[in-house]
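Let's take a walk through this structure, one piece at a time. Have the sequence and the 3D view open as you read.

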Amino acid sequence: MRELNAQKELVDIAFANIKLPDKPQGLKVYKSLVLHRFYEVLSNGFPIFYNEIDEKEFEKVVYKFMQYGAKSTVMWKMPNEFRRFIKKSKILKDIPYINDLLWFEWIEVELMMKNYKLQKLSKFSFKNEYKLSKSSVLKKLKYKVFEKGSYNSKGEYYLLAYYDFNDFQVYYREISLPLYLFLKEINKNGLQGAIKLIATMSDEKKKAVKTLFQEPLEELVNLNVIERI
Amino acid sequence: MNNIKGLGLGLRRDFLQEIDVDGFLPDWWEIAPENWFDIPYHHREKFEQIISLRPTVAHGLSLSIGSQEPIDKNFLKKMKSFLDYHNIENYSDHISFTSLFGAQTYDLLPLSMTKKAIEHMSEKIKRVSDFMKRPLILENATYYYVPDSDMKEVDFINELMEKSGAKLLLDVNNIYVNGENHDFNANDFLNELDLSKAAYIHVAGHYKDEDLGMLIDSHGMPVKDEVWDFLEDTIKKVDIPVMIERDNNVPEYKVMEEEYKILEKVVKNART
């Protein structure tokens, strides 16, 4: 029991946002080491958020997250737990775009770290079936967090984030509502289902929809954003 | 350690792409497996190529063998499958705890050095070894504060190794740092340590925090001369594989190569 109590005491001290007395010095070391670890991972994982928030405020939020408890045994996943914590706890509700911004920053890490098996590229054809690949994500955002200086601009934004296998970077692209719906529908009801959906919504013939989407779909296949099933 | 001989180096993502497979390679690599469970696409091929060229051992960070809670089975499964996939025979972690009730601290925290802690940990060590189908190797860690304890560190380690059947990863920098911070002589400590249990040796850098008046085991700078000297003394007593650990401020690969050459000289001196 005393062993458990000693562990609880040390973890509580490390996670508490308090100033410690001068002695014993060793406790200060642990407090600073643990804080540093969280601080470093989160400030590197969310560089935009870190720049937007006061340093003291950031430290306060980090402590609250430490007390809430990060569960992942691999450190690179910690920012995602932090993002979920912020969303659930609403402790940064005075920053209206916070959830969108943290998603925007996190998805870059997630797409970088995924384990991909690259498919051999083939030319796009409406005769084949496709799905959104593991290396791409679609998201509807309420704030323009993908544009510096416009984070507060409220609206409806459709974003495509994807991992580029040519230069090993993650890219974001703002896409139109029809393309967003089209790509979402591909995953649910296949390519023909997506064409049908857009045709119905726009009161256009399927052939016209195909013509409209031909070029973007060819490009998305080349970028591995959609892949053949 | 039946598959490694000679001198090793910690393989870090920071310099992975700088490694020329036809150029300098250490005798063996050590990796932190948790940092390689998920590998960015552009590193995977190089990583697999590099570790296929030399024997590789895994030195974990998140086992939390000393924590007063059950072992995380999902973590163990993931670790075993990683080690099996990459054919890694030797797996080590630290005599410390990193999490409590599932909450991670991502740091190596000190344990109460008591008989009860030894019993508790020995049980866990046996379960881990059985599951992993590998003997567990545990590193003597640094500690900056002694939680509620009634044993000397050296007695604690000796008894833990004896009761659990674990092997010791002998970190000479940690012994040196602990000796300076807790006023004991590193050589006396070494003389009392049961070196028959030692599997391999770590050597790393540290710095002095002037405000706290303590040495900090940072793994973020070159090995200090006094630690090289202590390593030489150690190898005279126990001639086993040695490797350099560098986890922070990781320099270019050629800088690590230079430090490796120093290690070669130190080991050679110890043997003559």
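**A bent helix, a small sheet and a shared face**

Start with what is tucked away in α7 of chain A: the buried residues there are A:Leu179, A:Phe182, A:Leu183, A:Ile186, A:Leu191, A:Ala194, A:Ile195 and A:Ile198. Keep in mind that this is a predicted model. Those buried residues pack against quite a list of partners in chain A, namely β1 (130–132), β2 (136–143), β4 (169–175), α8 (206–222) and β5 (226–228).

Now look at the path of the helix itself. How far apart are the end C-alpha atoms of α7 in chain A? The helix covers residues 177–202, 26 residues in total, yet its end C-alpha atoms are only 12 Å apart, where a straight helix would reach 38 Å at 1.5 Å a residue. Find A:Asn189 and you'll see a kink of about 130° centred on that residue. Just past the end of α7(A), A:Asp203 has a positive phi of about 60°.

Next comes α8(A), and here the numbers look rather different from those of a folded-back rod: its 17 residues span 23 Å from first C-alpha to last, close to the expected 24 Å at 1.5 Å a residue. There is still a bend of about 45° at A:Gln214, and a proline, A:Pro216, follows within four residues. The buried set in α8(A) is made up of A:Val209, A:Phe213, A:Leu217, A:Leu220 and A:Val221. These buried residues pack against α7 and β5 of chain A. Just after α8(A) you meet a positive phi again, about 65°, at A:Asn224.

Over to the sheet. Three strands of chain A form an open sheet in the order β2-β3-β4, with antiparallel pairing. Why is one side of β2 and of β4 left without a neighbour in the sheet? Both strands of chain A stand at the edges and have a single partner strand each, so one side of each has no neighbour there. On average, neighbouring strands of this sheet are turned by 30° against each other, ignoring direction.

Zoom in on β3(A), residues 154–164, which pairs with β4(A) in the antiparallel sense over seven bridges. For A:Tyr163, the bridge partner in β4(A) is A:Val170. Two helices lie across this sheet. α6(A) lies across β2, β3 and β4 of chain A and runs at about 170° to β2(A). α7(A) also lies across β2, β3 and β4 of chain A, running at about 135° to β2(A).

While you're at the sheet, pick out A:Tyr171, which lies in strand β4 of chain A. Is A:Tyr171 buried or partly exposed? It has 15 other C-beta atoms within 10 Å, so A:Tyr171 counts as partly exposed, given that burial takes 20 or more. Setting aside neighbours within four places in sequence, A:Tyr171 is in contact with A:Tyr162 and A:Asp164. A:Leu111 sits 60 residues away from A:Tyr171 in sequence, but their C-alpha atoms are 9.8 Å apart in space.

Finally, turn to where the chains meet: 32 residues of chain A are in contact with 32 residues of chain B. On the chain A side, α1 (2–15), α2 (25–45) and α6 (98–113) each supply at least two of the touching residues. By class, that side of chain A has 19 nonpolar, seven polar and six charged residues. Note that α6(A) turns up here as well as across the sheet.

Conventions
Residues are numbered from 1 along each chain as its sequence is written. Chains are lettered from A and ligands numbered from 1 in the order in which they are written. This is a predicted model: local features need pLDDT of at least 70, side-chain atom pairs count only at pLDDT 80 or more; totals for chains, interfaces and linings use all residues. The expected span of a helix is 1.5 Å times one less than its number of residues. The bend at a residue is the angle between axes fitted to the seven residues ending there and the seven starting there. A residue is buried if 20 or more other C-beta atoms lie within 10 Å of its own, exposed if 12 or fewer, and partly exposed in between; C-beta atoms are placed from the backbone. Two residues are in contact if their C-beta atoms, placed from the backbone, lie within 7 Å. Ala, Val, Leu, Ile, Met, Phe, Trp, Tyr, Cys and Pro count as nonpolar, Asp, Glu, Lys and Arg as charged, and the others, Gly among them, as polar. Two strands pair if DSSP finds at least two bridges between them. Axes are lines fitted to C-alpha atoms, for helices over the stretch in contact, and angles run from 0 to 180 degrees between N-to-C directions.
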